[in-house]
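Trainee: I should like to learn how to read a protein model step by step. May we work through one together?

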Amino acid sequence: MNKEYDVVVIGAGILGASTAYHMLNAHPDMKILVIDREMVAQGNTSKSVAMVRDTFTSQPSFALAASTIAAFKEIDKETDGAIALNRMMYLWLFTSDQTAKNKPAINRLLGAGVDVELLSADKLAEYASCMRLTPDDEESLAYGIPPIDSGLLCRNCYALDPIAVTQYYIDKFRAAGGETLLGKEVIDFVRRPVTPLCYEGDEIPGQPFSTQQQQAAGVKLADGTEIKAETTIIAAGAWSRELTDKFGKGSLISPKKRQWFYVEGNDLAPLLELPAFGNEDGCLPFTILPQGIYMKASKEGGFYVALADDVGREISLDTTPERQYFIDDIHPFIKGYFPAFEAVTIKAMDAGSYCYDEIYRTPVVDWIHDGIMLVSGASGSGIMKADAIGRVATHRQEVGRVSNMQMHNYLQLPGDLIVDIEDYSIRGRSRIEPEQLVI
Ligand SMILES: Cc1cc2nc3c(=O)[nH]c(=O)nc-3n(C[C@H](O)[C@H](O)[C@H](O)COP(=O)(O)OP(=O)(O)OC[C@H]3O[C@@H](n4cnc5c(N)ncnc54)[C@H](O)[C@@H]3O)c2cc1C
């Protein structure tokens with residue numbers, strides 16, 4: 001093939017950037033190009049609430065997240081804090097049913113040495129008297145808001161600046177000779193026949209024919225340019241499906257709207273001063289209510305609140321935030337448990353998309369066809385797993401390139417964690433246990 005690049009990565013979000021960086025780091029001789037129709041990290045990476053945690057009950061997710069945290073700590077040190085990694089604990093609030101259901105998984109986490117503590121309702125009351133553990137006001141009763149029975153406090157958790165992390169990977173990638181092409185949209189793929197047909201010494205025009213075995217051989221841009229590459233990596237986040245659909249291959253992943261609301265109110269101040277939890281800045285931890293609503297304190301004095309709804313939320317790329325969603329679906333519950341939210345006002349709101357593996361909620365790092373790898377489907381935890389996903393993609397590429405050398409699927413990640421990259425393949429994932437701590 002008349003190739004220009006060994007690898008073209010579509011997408012300069014955190015997953016494309018990490019993949020390009022790790023691939024070039026492992027193979028400095030490779031020619032790698034990252035293409036994005038926007039600038040660096042302007043997709044859903046910039047919309048993220050930017051929390052990272054190692055608290056996952058399934059091993060494949062735990063390993064990606066714990067190793068990424070280990071890597072982010074190193075990057076934060078190396079850049080003198082440029083990625084703004086700050087400890088912010090998670091607090092999952094459970095009803096009695098949820099406590100019972102999650103107990104075995106929590107015991108496994110504790111047994112594995114993960115830094116978590118199950119706080120009783122009494123302890124929660126002592127740590128945060130502003131929390132109403134049994135919402136018994138008229139409105140809460142009408143909404144059937146159940147009492148809180150326990151809280152899982154998770155300590156190896158952080159907030160960070162995801163744009164700065166992505167920029168770190170891109171800067172390192174460029175410094176090592178990697179190339180970027182920004183402001184250019186990929187609209188299709190170059191396809192070629194695996195075995196070109198010839199007649200009287202010349203290739204027959206119009207190939208590949210539908211009857212021929214085909215492989216991807218690069219990308220076509222909206223301006224008509226073709227860029228040839230041995231491997232094309234689709235790391236286009238929620239838009240990845242548009243590209244896999246274009247190629248005619250299924251990919252397991254779907255986009256769903258995810259929105260946040262930034263609210264402020266005069267009564268919120270006590271929630272920012274709860275030092276008993278041990279957060280770096282003394283505020284309420286990043287808290288997840290039993291209904292999945294989550295809230296993150298901001299240095300500006302307000303809270304980001306959000307809810308990842310499931311049934312009834314269509315699979316689409318729509319990203320218009322809905323004020324009424326906050327009013328109807330979020331506010332009654334949040335003020336039920338935290339009356340300080342009664343009189344808050346929305347100061348800002350935004351929406352992006354999660355890119356889900358609808359069944360297993362586990363990232364997809366796999367070949368979808370000869371010459372095309374998909375690195376996507378992070379299912380709402382792409383920031384917290386980004387470093388490890390880039391390493392898995394690199395290993396997947398190596399396994400693909402030297403399969404005749406019987407390279408194995410196991411990969412050692414930072415933090416002494418070992419993963420089987422088959423767990424992130426399209427077919428191999430059916431054996432993994434469903435994750436219980438999903439937001
Ligand atoms: C509201 C919200 C809150 C979130 N909170 C968290 C959180 O707290 N923690 C966490 O870990 N994750 C969180 N996430 C998820 C996280 O943001 C994503 O998992 C992560 O950003 C995915 O990175 P990505 O690189 O795959 O996608 P993106 O950052 O979206 O990057 C994809 C890139 O591909 C480019 N692109 C797409 N199509 C094309 C094309 N045809 N041609 C050229 N370029 C193209 C886009 O411009 C974009 O830059 C949140 C997401 C949302 C929406």
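Trainee: Is Val-114 buried, partly exposed or exposed?

Mentor: Please keep in mind that this is a predicted model. Val-114 lies in the loop between α3 (96–111) and β6 (116–120). A residue is buried with 20 or more other C-beta atoms within 10 Å of its own, and exposed with 12 or fewer. Because Val-114 has 19 C-beta neighbours inside 10 Å, Val-114 counts as partly exposed.

Trainee: Which residues is Val-114 in contact with, leaving aside its neighbours within four places in sequence?

Mentor: Separation along the chain and separation in space should be considered individually. Pro-147 is 33 residues from Val-114 along the chain, and the C-alpha atoms of the two are separated by 27 Å. Leaving aside neighbours within four places in sequence, the contacts of Val-114 are Asp-54, Thr-55 and Leu-109.

Trainee: Is Ile-288 buried or exposed?

Mentor: Ile-288 is found in strand β16 (residues 286–288). Not counting residues up to four places away in sequence, Ile-288 touches Trp-92, Leu-93, Tyr-294 and Ile-439. Because 21 C-beta neighbours lie inside 10 Å of Ile-288, the residue counts as buried.

Trainee: How many Å apart in space are Ile-288 and Gly-151, C-alpha to C-alpha?

Mentor: Along the sequence, 137 residues separate Ile-288 and Gly-151. In space, C-alpha to C-alpha, their separation is 9.4 Å.

Trainee: What is the order of the strands in the open sheet of three strands?

Mentor: The pairing in this sheet is antiparallel. Its edge strands are β3 (51–53) and β4 (86–87), each of which pairs on one side only. β4 pairs with strand β8 (residues 157–159) over two bridges. The order is therefore β3-β8-β4.

Trainee: Which residue in β8 is the bridge partner of Asn-86?

Mentor: Asn-86 belongs to the stretch 86–87, which is β4. The partner strand β8 covers residues 157–159 and runs antiparallel to β4. Within β8, the bridge partner of Asn-86 is Ala-159.

Trainee: At about what angle does helix α2 run to β3?

Mentor: Helix α2 comprises residues 59–78 and lies across β3 and β8. Its angle to β3 is about 115 degrees.

Trainee: Which residues of β2 lie on each of its two faces?

Mentor: In a regular strand, side chains alternate between the two faces of the sheet. Five of the five residues of β2 are buried, and both of its faces are covered. On one side are Ile-32, Val-34 and Asp-36, and on the other are Leu-33 and Ile-35.

Trainee: Which residue stands opposite Val-34 in β2?

Mentor: Strand β1 (residues 5–10) is joined to β2 by four bridges, and the two run parallel. The residue opposite Val-34 is Val-9.

Trainee: Ser-379 and Asp-416 each have a positive phi, near 55 degrees. Which of them counts as buried, and which as exposed?

Mentor: Ser-379 is found in the loop between β21 (372–376) and α9 (382–401), whereas Asp-416 lies in the loop between β22 (410–413) and β23 (417–420). Because Ser-379 has 25 C-beta neighbours inside 10 Å, it counts as buried. Because Asp-416 has 9 C-beta neighbours inside 10 Å, it counts as exposed.

Trainee: Which residue does a cis peptide bond join to Gln-207?

Mentor: The omega angle of this bond is about 5 degrees. The loop concerned is the one between β12 (202–203) and β13 (214–221). The residue joined to Gln-207 is Pro-208.

Trainee: How many Å apart are the C-alpha centres of domain 1 and domain 2?

Mentor: Domain 1 consists of 5–48 + 163–252 + 360–431, and domain 2 of 94–154 + 254–355. Eleven residues of domain 1 are in contact with ten residues of domain 2. The side of domain 1 that touches domain 2 has two nonpolar, seven polar and two charged residues. The C-alpha centres of the two domains lie 35 Å apart.

Trainee: Which residues are the closest to the ligand?

Mentor: The ligand is surrounded by 40 residues, which divide into 19 nonpolar, 15 polar and six charged. Domain 1 and domain 2 each contribute at least three residues to this shell. Among the elements that each supply at least two are α1 (14–26) and β15 (253–264). The closest residues are Gly-13, Gly-43, Gly-237, Gly-352 and Gly-382.

Terms used. Residues numbered from 1 in each chain as written. Predicted model: local features only at pLDDT ≥ 70, side-chain atom pairs only at ≥ 80, totals over all residues. Contact = placed C-beta atoms within 7 Å. Axes fitted to C-alpha atoms, helices over the stretch in contact; angles between N-to-C directions. Domains from an automatic or database assignment. Nonpolar A, V, L, I, M, F, W, Y, C, P; charged D, E, K, R; others polar. Near = placed C-beta within 6 Å.
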